[in-house]
Amino acid sequence: MLTVAILGFGFIGRAHGDAYARLPNVKLVAIGGCREERVQAWKAPYSVSFYKDPNALLDSSGADIIDICLPTFMHEEFVTRAAEKGMHVICEKPLALTVKEVDGMLAAVRKAGVIFMVAQVLRFFTHYTKCRNLVRDGSLGDIFFGSAARLAEPPRWAEWFQHPEKSGGALFDLQVHDLDYLMNLFGTPESLFATGLQANSGCWDQVVTSLSYPTRKLILEASSRMAVGWPFTSMLRLMGTAASLEYGFRVTGNVDVMVQAQHSLVLYPNGSPATHFELDDPDPYLRELKYFVDAVERRDKPDVRPEEARNVIAVLEATKQSLETRTIVDLRHLFGPEPNFVAKGVKET
């Protein structure tokens, strides 16, 4: 049986801990890099070692897999250290705030020969999986326009989030979800223009980005500036030559109460009755971590490729440049050796 250790134990760390406890082929053996009371408050199904010092966990836990749920500015250090220890790594999004940091991590995991995946959980949401399948099976025809939004009240769960050099604000923390999802569907854009608002701290916390492709336009909005009490909301709308598709997700509070979420997914074929999809929404974190653990067990590289994450961070950096300069940014020089890939999707289970 594989063993896993979690670094960082806020909401995401706890969600990952709950998921590992339900998986039969992996055992959670250690948690660290957080306050001990967070671990004590969690109802662990069995004994789990605690390490306040994340370096001590890497040195002593003996885990096969390290799950990094630390703040974004700490990712490069601990992805690199874990890889050097020969541990397989799954790291929370956003992977980093700069391409330079990503390149350092990619070099480390390649040198170590370990399996590495970025936890882009949106790809494992049942409704987003259905949308992806409808696009890829041609139900919408040729997509010529799309829009996505992710809107939240100001974050109050962590002080570090208020600092742009540590979190990247809504631009990196929220828009990364929809950008990764759409780039996985449509490949890399040719140019972008962004407009937005900055918090007093310097974080871009209200951002609208226009992505240009040869045959389509995509608009993304990310906000952590909604009124206190605003329900966490995400939306996706795709317009094609054969049909239009709309998905909406809303939950009072934040995503930590997803069981209370309201979903609406509707396909509108040209000239035909609309199709309303009623889908169960099993735990996407469970699906995501099962996928990664199974990949490690088989020694397969996940289809959620870190090279994709590099391109996503490159686009987010370019978005920041556009926000600061108020100019259109040409993206065609930014990408690696696969500038127009459309990666394989994660198979629906």
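The largest nonpolar core of this predicted model holds 85 residues, and Ile66, Phe116, Leu182, Phe186 and Leu236 touch the most other members. Helix 11, residues 306–325, gives the most to this core, with eight residues. In general, nonpolar side chains of soluble globular proteins tend to be buried together. The protein chain has an average pLDDT of 92, and 94% of the residues score at least 70. Residues 338–349 fall below a pLDDT of 50, and this stretch has 33 contacts in the model beyond near neighbours in sequence.

**Nonpolar cores**

- Leaving aside residues up to four places away in sequence, Ile66 touches Ala5, Leu7, Leu57, Leu58, Ala82, Met87, His88, Val89 and Ile90.
- A second core, separate from the largest, has 28 residues, including Phe9, Val26, Trp42 and Ile115.

**Helix 9**

- Helix 9 comprises the twelve residues 175–186, which should span 16 Å at 1.5 Å a residue; the end C-alpha atoms are 16 Å apart, so the expected and modelled values agree.
- Twelve of the twelve residues of helix 9 are buried, and the helix is thus mostly covered.
- Among these buried residues are the polar or charged Gln175, His177, Asp178, Asp180 and Asn184, as well as Leu182 and Phe186.
- Leu182 and Phe186 also appear among the residues that touch the most other members of the largest core.
- Gly187, just after helix 9, takes a positive phi of about 80 degrees.

**Salt bridges**

- The whole structure contains 15 salt bridges.
- Arg225 pairs with Asp205 in one of them, with the closest N and O atoms 3.3 Å apart.
- This pair links distant parts of the chain, 20 residues apart: Asp205 lies in strand 9 (residues 204–212), and Arg225 lies in the loop between strand 10 (217–223) and strand 11 (232–240).
- Asp205 counts as buried because its relative accessibility is 10%, under the 20% limit, whereas Arg225 is partly exposed at 42%.
- Asp294 and Lys290 form a salt bridge of 2.8 Å, N to O; both residues belong to helix 10 (residues 284–298) and stand four residues apart, about one turn of the helix.
- Asp294 is buried, with a relative accessible area of 17%, while Lys290 is partly exposed, with 44%.
- Arg298 and Asp300 form a further salt bridge, their closest N and O atoms being 2.8 Å apart.
- Arg298 is partly exposed at 48% relative accessible area, and Asp300 is partly exposed at 33%.
- Asp59, Arg81 and Lys85 are joined into one network by salt bridges that share partners.

Technical notes:
Residues numbered from 1 in each chain as written. Heavy atoms only, no water. pLDDT = per-residue confidence, 0-100. Contact = heavy atoms within 4.5 Å. Core = buried A, V, L, I, M, F, W, Y, C linked by side-chain atoms within 4.5 Å. Buried < 20%, exposed > 50% of the residue type's maximum accessible area, 1.4 Å probe, protein only. Helix = DSSP H or I, 4+ residues; strand = E, 2+ residues; numbered from the N terminus. Expected span 1.5 Å × (residues − 1). Salt bridge = Lys/Arg side-chain N within 4 Å of Asp/Glu carboxyl O.
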